[in-house]
Amino acid sequence: MLEVYELLIVIVSLIGLWIYQWRNPKTNGKLPPGSMGFPIIGETLEFMKPHDVLQFPTFVKERVLRYGPVFRTSLFGGKAIISMDVELNVEIAKASHVPGITKSIARLFGKNNLFIQSKESHKHVRNLTFQLLGPQGLKLRMVQDVDHLARTYMEEGARNGFLDVKETSSKILIECLAKKVMGEMEPEAAKELTLCWRYFPRDWFQFSWNIPGTGVYQMVKARKRMMKLIKETVLKKRASGEEFGEFFKIIFGEMEGKAESMSVENAIEYIYTFFLIANETTPGILAAIVKLISEHPKVMQELQREHDGIVRGKTDKEASLTWEDYKSMTFTMMVINESLRITSTAPTVLRITEHEFKVGDYTIPAGWIFMGYPSVHFNPEKYDDPLAFNPWRWKREELGSILSKTYIPFGAGSRLCLGAEFAKLQMAIFIHHLFRYRWSMKTETTVLRRFMLMFPSGSDVQFSQDTKVENSS
Ligand code: HEM
């Protein structure tokens, strides 16, 4: 029989072995330097400390100084490699296909999600999405809808004297996508769908424990609610023979007699993922852009000039924006590109390594989370005075490009963002309508990052009394 003290020794030894193995993961070569932190939580708490959006997190900066541009850590219960090496980021973006998401996020997307499943299904949904959100789709379908929604919400904001940029952008995005996806919805269902995002926890990017009271628990609940709503709408439409939105027509193979189709369940998970990604990116970035603009009077002036010119060029000053108007917003595009460059202080390449990668003497094992930061955006050899917000630096650059060797805000490789063009269009049209009014943003507005963007004092703009800008001269 084991004595109590012997049992204790066994338990302590096992825990010691477990901690040793945690800190020294198995590998076929030499792991990149770094620390795995505490068992299970790893270094997550330090990684998730909020930081100024225009700075890389202290967590990353300190470790780059200590270990170099590629280091190992443990985040959200998984083994992770963080890289500031642009060549490596692009290599892994091209060679690895599996998205680098933690269990909590995978659960959010749904286990049958076509974005996450096989290479083939992923390729298929990318093709379908491109039909709607590629330049042709935007030109044909999106400008007018986004224009109408942005105009309506801006008028409402001006009447109220203020408007929350992030929230408004989220409403525009969801309403616009919902219409494209599902067609006309019953007003109650449309309202409920928009409201669902309100129940969505702001801190969903975290551990995967689904325990009541945690963000993940709320998130899973919000997801179920949205999925149910989308499903009910789809089934009702199917039963009544009512017309679907263009997106569903594309998905169900009803466009131009194409045979490709998808099950209702898969389509719903797909749409849901899509809404989620769209809503978690554009509204926050747009609010950060408006904040940057409000702090730079010369940029304000130049934008005012550009947008006054567009309104002045129209016989009917209230006429909708056209694709040509959008394409003429050159300075606005320079502002958007510059803002995306300077606020890219989070990883833009997120993958699970599918096989081993060699970096110098080190080996990155297969199956690890890979987080590639776009440090090239802050390289003084590529961008003069990189910490300065200077939209004019884009004068000589290709403005339409969403990816180049020195510009990767939308990721790279097989998972390059599908909504990049749509996001730019939405942001440009929002800025256009904002500049039809006199507005300001409170100086105390702050933009922080805790992986996702945060606005602790909100993201309101105020409209002044004589708010409408006259463009008749
Ligand atoms: C300023 C706004 C946005 C930014 C900065 C952004 C950024 C990104 C990044 C960095 C990735 C992935 C990268 C990777 O691991 O390589 C991505 C993927 C994706 N984005 Fe965006 N995004 C934005 C807006 C949108 C919008 C509005 C939509 C949809 C309407 C969208 C849809 C997607 C989808 C579906 C993927 C996954 C693609 C795939 O797995 O094949 N994004 N985005």
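**Ligand shell and sheet in a predicted model**

Modeller: Four elements, α6 (119–133), α12 (264–294), β5 and α16, each supply at least two residues of the shell around the ligand. Helices (H or I, at least four residues) and strands (E, at least two) are DSSP runs, numbered from the N terminus. This is a predicted model: local features need pLDDT of at least 70, side-chain atom pairs count only at pLDDT 80 or more, and totals for chains, interfaces and linings use all residues. Residues are numbered from 1 along each chain as its sequence is written, and side-chain values use heavy atoms, without hydrogens and water.

Colleague: What makes Cys417 a donor of the iron atom?

Modeller: Its SG is at 2.3 Å from the iron. Donors are N, O and S atoms within 2.8 Å of the metal (3.2 Å for Na, K and Ca). So Cys417 SG qualifies, as the only protein donor. Water is not among the atoms, so sites may look incomplete.

Colleague: Why is the pair of Arg126 and the ligand called a polar contact?

Modeller: An N or O atom in the Arg126 side chain is 2.6 Å from a ligand oxygen. A polar contact is a pair of N or O atoms within 3.5 Å. Therefore the pair counts. For Leu350, a backbone N or O atom lies 3.2 Å from a ligand oxygen.

Colleague: How do you know that β2 and β3 pair?

Modeller: Six bridges join β2 to β3 (residues 78–83), and the two run antiparallel. Pairing takes at least two bridges found by DSSP, so β2 and β3 pair. Ser74 stands opposite Lys79 in β3.

Definitions and conventions:
A polar contact is a pair of N or O atoms within 3.5 Å; within protein, one must be able to donate a hydrogen and the other to accept it, and residues adjacent in sequence count only if both atoms are side-chain atoms.
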